[in-house]
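Here is a short note to read with the model open beside you. Please take the points in order and find each residue as you go.

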Amino acid sequence: MIPETNGKQRSFGIPTIRDRVVGTATSLVPAPIIEADRQPEQYAYREGRNAQRAVRQIHKLLNTGDTDFSLVVEVCARR
């Protein structure tokens, strides 16, 4: 048992193997389904893609003179 600040005690919660299997399955199973519906130009929340790759792709498009693209930017700033 682990003591809490209010004087009570709680049990130590170690995830069981079943909990880990369920957790892994719930993250791995829907990923390919969702990935298939995304456009190749989308970079948000994708495996192997990040903001740096998105900026590089934009830089490449601007430098090649390709004007047949649209740019949508979402920014989340926190203090």
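The points below cover confidence, salt bridges, one arginine and the largest pocket.

1. **Confidence.** This is a predicted model. Start with how far the predictor trusts its own output. The mean pLDDT of the protein chain is 83. A value of 70 or more is reached by 100% of its residues. Among the elements, helix α1 (residues 17-28) has the highest confidence, at a mean of 88. Helix α2 (residues 30-37) has the lowest, at 84. Keep one caution in mind for any model of this kind. Where pLDDT is low, the coordinates should not be read in detail.

2. **The salt bridge of E4.** How many salt bridges does the structure hold? There are two. One of them pairs E4 with R10. Their closest N and O atoms are 3.3 Å apart. Are these residues buried, exposed or in between? E4 counts as partly exposed, because its relative accessibility is 35%. R10 is also partly exposed, at 41%.

3. **The salt bridge of E35.** E35 forms a salt bridge with R46. Here the closest N and O atoms lie 2.3 Å apart. The pair links distant parts of the chain, with the two residues 11 apart. E35 sits in helix α2, while R46 belongs to the loop between α2 and α3 (51-64). E35 is partly exposed, because its relative accessible area is 31%. R46 has 10%, so R46 counts as buried; the cut-off for buried is under 20%.

4. **What else R46 touches.** Stay with R46, in the loop between α2 and α3. Which backbone oxygens lie 2.7 Å from a polar atom of its side chain? One belongs to Q39. Another belongs to Q42, also at 2.7 Å. Put this beside the salt bridge to E35. The side chain of this buried arginine thus has a carboxylate partner in E35 and backbone oxygen partners in Q39 and Q42.

5. **The largest pocket.** Now look for empty space. Rolling a probe the size of a water molecule over the atoms shows where such space is left. The largest pocket holds about 860 Å³. Its lining has 21 residues. Which of them lie nearest the centre? They are E41, Q42, Y43, A54 and V72. Q42 therefore appears twice in this note: in the pocket lining and, through its backbone oxygen, beside the side chain of R46.

6. **The character of the lining.** What kinds of residue line the largest pocket? The count is 14 nonpolar, four polar and three charged.

How values were computed:
Residues are numbered from 1 along each chain as its sequence is written. This is a predicted model: local features need pLDDT of at least 70, side-chain atom pairs count only at pLDDT 80 or more; totals for chains, interfaces and linings use all residues. Side-chain values use heavy atoms; hydrogens and water are left out. On a 1 Å grid over the protein atoms alone, a cavity is a set of points where a 1.4 Å probe fits but cannot get out, and a pocket is an open set with protein on both sides within 12 Å along at least five of seven lines; lining residues have an atom within 4 Å of a point. Grid points are joined across faces, edges and corners, and a volume is the space filled by probe spheres set on the points. Ala, Val, Leu, Ile, Met, Phe, Trp, Tyr, Cys and Pro count as nonpolar, Asp, Glu, Lys and Arg as charged, and the others, Gly among them, as polar. pLDDT is the predictor's confidence in each residue, from 0 to 100. Helices (H or I, at least four residues) and strands (E, at least two) are DSSP runs, numbered from the N terminus. A salt bridge is a side-chain nitrogen of Lys or Arg within 4 Å of a carboxyl oxygen of Asp or Glu. Buried means under 20% relative accessible area, exposed over 50%, partly exposed in between (1.4 Å probe, protein chains only). A polar contact is a pair of N or O atoms within 3.5 Å; within protein, one must be able to donate a hydrogen and the other to accept it, and residues adjacent in sequence count only if both atoms are side-chain atoms.
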